[in-house]
Amino acid sequence: MTRPDAQPRRLQLPDGRTLAYQLYGVPEGRPLYYFHGFPGSRLQAALHHEQALTAGVCLVAPERPGFGHSDYQAGRSILGWVRDVQSLADSLGHRRFGVLGVSCGGPYALACAHQMGGRLDYVGLLAGMGPMDIPALRKQQLPMLRLMFGLARRHPLLASPLLALDRLLFLRSPARAVKALASLLAEPDRQLLADDPSAAADFAGFLAEAYRQGVRGACKEAQLIASGRGFALEQIQVPVHLYQSGLDRHVPEAMGRHLQSNLPRATLRLYPQEGHLSIVINQFHQVLADFTHSNKNEET
C-alpha cells in the first residue's frame with residue numbers, strides 16, 4: 001500500500017500558529033491521535049500505516065510546536081498542547097477519539113486525559129516517558145539522556161549543543177546517525193535496526209524531519225519533559241493503557257511501574273524482552289487491539 005504524501009496537512013490555530021499533521025491508515029476510520037516522541041515528527045506514525053489500514057483506524061499525527069512544519073510557540077506548556085489537539089479534532093469533526101503518546105509523547109497524552117477525559121475513548125502510552133523530576137526513576141536511563149535533560153531543566157539553551165550535534169548528524173547522514181544511535185540502545189533495538197533496513201530508514205527520516213526548523217523547538221521540549229507536568233497523575237480518572245519495555249534505556253521500567261501505581265485506572269502490559277524502539281514496532285498490534293476493544297465497550 002502506498003503511504004500518504006510526506007507533505008503535511010496544515011491547520012491555522014486560533015492564535016495564528018500553524019499546526020502541521022498527517023493522516024495515516026483509513027482517513028474516514030475511527031481516529032487515534034498519535035503523539036510522536038522526542039525528537040519526532042508526523043512521519044513517525046507512518047511506521048504503522050499498513051496496520052492502521054487493516055484495522056480501519058485513522059492515525060492522526062500532529063507535530064508539536066517547533067517540530068517539522070508546526071510553528072514554534074514561545075512559552076508553551078504540556079497542558080497547553082491540549083488546546084491544539086482540541087482545535088485539530090474540532091476541525092476534523094472528531095467528537096470522540098483516542099490518544100496515544102509514544103515515548104516523550106506520553107506526557108502529552110496524559111495531559112489530554114487530565115483536561116478532556118470525557119472526550120476520549122482510549123488513552124495509551126507506548127514506551128511513554130514517566131515523571132523526570134523524580135531522580136529515582138532516572139537511575140537506569142542512558143547517561144547521555146540524563147545529562148541532556150538535566151541541562152534542559154536548568155535552561156533550555158544549555159541542551160542546545162547536544163541537540164545541534166544530533167541535528168547535524170541526522171541531516172548530513174541519516175544512516176550513519178541511526179547507526180550511532182543503535183550503539184546506545186538495548187539489544188532488541190539494535191537487532192531491529194540491523195534486520196529491518198526499511199524500519200531503520202523510517203526512523204532516520206522522521207528524526208531528520210523533527211529538526212527541519214533547527215533545535216529551538218527541541219530545546220523547549222527537553223525542558224518541558226525534564227520538569228514537572230503541571231497536573232497530578234492521581235487526578236486522571238479515565239482508563240490508561242501502559243505498554244512498557246523491560247530493557248528500555250530511555251524509559252526505564254521503573255517509570256512504567258510508577259505510572260501504574262499513581263494513575264487511578266491504569267493497566268500495565270510489561271514486555272521484558274523489548275527495547276525502546278522494538279516495542280513501538282512489535283507491540284503496536286496490541287495498541288490497536290486495545291483501542292478497538294475500548295470502542296466495543298463504548299458501544300455497550
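## Elements and model

Helices (H or I, at least four residues) and strands (E, at least two) are DSSP runs, numbered from the N terminus. The model described here is predicted.

## The largest pocket

The largest pocket has a volume of about 780 Å³. It is lined by 34 residues, and those closest to its centre are Pro39, Leu145, Asp166, Leu181 and His250. Four helices each supply at least two lining residues: α4 (143-154), α5 (160-172), α6 (174-182) and α8 (197-210). The most comes from α5, which gives six residues. By class, the lining of this pocket has 28 nonpolar residues, five polar and one charged.

Pro39, one of the residues closest to the pocket centre, has a second notable feature. A cis peptide bond links Phe38 to Pro39, with omega at about -15 degrees. Pro39 sits in the loop between β3 (30-35) and α1 (49-55).

## Two cavities

How many cavities of 30 Å³ or more are there? The count is two. The largest cavity has a volume of about 40 Å³. Its lining is made of Leu125, Ala127, Gly128, Leu242, Tyr243, Gln244, Gly256 and Leu259. Both β7 (240-245) and α10 (253-262) supply at least two of these residues. The largest share, three residues, is from β7. Five lining residues of the largest cavity are nonpolar and three are polar; none is charged.

The second largest cavity holds about 30 Å³ of space. Around it stand Pro107, Leu110, Met129, Gly130, Pro131, Arg229, Phe231, Leu233 and Leu259. Leu259 thus appears in the lining of the largest cavity and in that of the second largest cavity. The lining of the second largest cavity divides into seven nonpolar residues, one polar and one charged.

## Helices α2 and α3

Two packed helices are described by the angle between their axes and the distance between the axes. For helix α2 (residues 81-92) and helix α3 (residues 106-116), the angle is about 75 degrees and the axes are 9 Å apart. Angles of 65 to 115 degrees count as roughly perpendicular, so α2 and α3 are roughly perpendicular to each other.

Which residues make the contact? From α2 come Trp81, Val82, Val85 and Gln86. From α3 come Tyr108, Ala111, Cys112, Gln115 and Met116. Seven of the residues in this contact are nonpolar and two are polar, with no charged ones.

## Loops on either side of α3

Ser103 is found in the loop between β5 (97-102) and α3. Its phi is near 55 degrees, a positive value in a residue other than glycine.

Arg119 lies in the loop between α3 and β6 (120-126). Its side chain makes a polar contact of 2.6 Å with the side chain of Asp90. The side chain of Arg119 also reaches the backbone oxygen of His94, at 2.9 Å. Which residues does Arg119 contact, leaving aside its neighbours within four places in sequence? They are Gln86, Ala89, Asp90, His94, Arg95, Arg96 and Phe97. Gln86 is thus in contact with Arg119, and Gln86 is also one of the α2 residues in the contact with α3.

Conventions: Residues numbered from 1 in each chain as written. Predicted model: local features only at pLDDT ≥ 70, side-chain atom pairs only at ≥ 80, totals over all residues. Heavy atoms only, no water. Axes fitted to C-alpha atoms, helices over the stretch in contact; angles between N-to-C directions. Parallel < 35°, antiparallel > 145°, perpendicular 65-115°, else oblique. Contact = heavy atoms within 4.5 Å. Nonpolar A, V, L, I, M, F, W, Y, C, P; charged D, E, K, R; others polar. 1 Å grid on protein atoms, 1.4 Å probe; cavity = no way out; pocket = protein on both sides within 12 Å on 5 of 7 lines; lining within 4 Å. Points joined across faces, edges and corners; volume = space filled by probe spheres on them. Polar contact = N/O pair within 3.5 Å; in protein donor to acceptor, adjacent residues only side chain to side chain.
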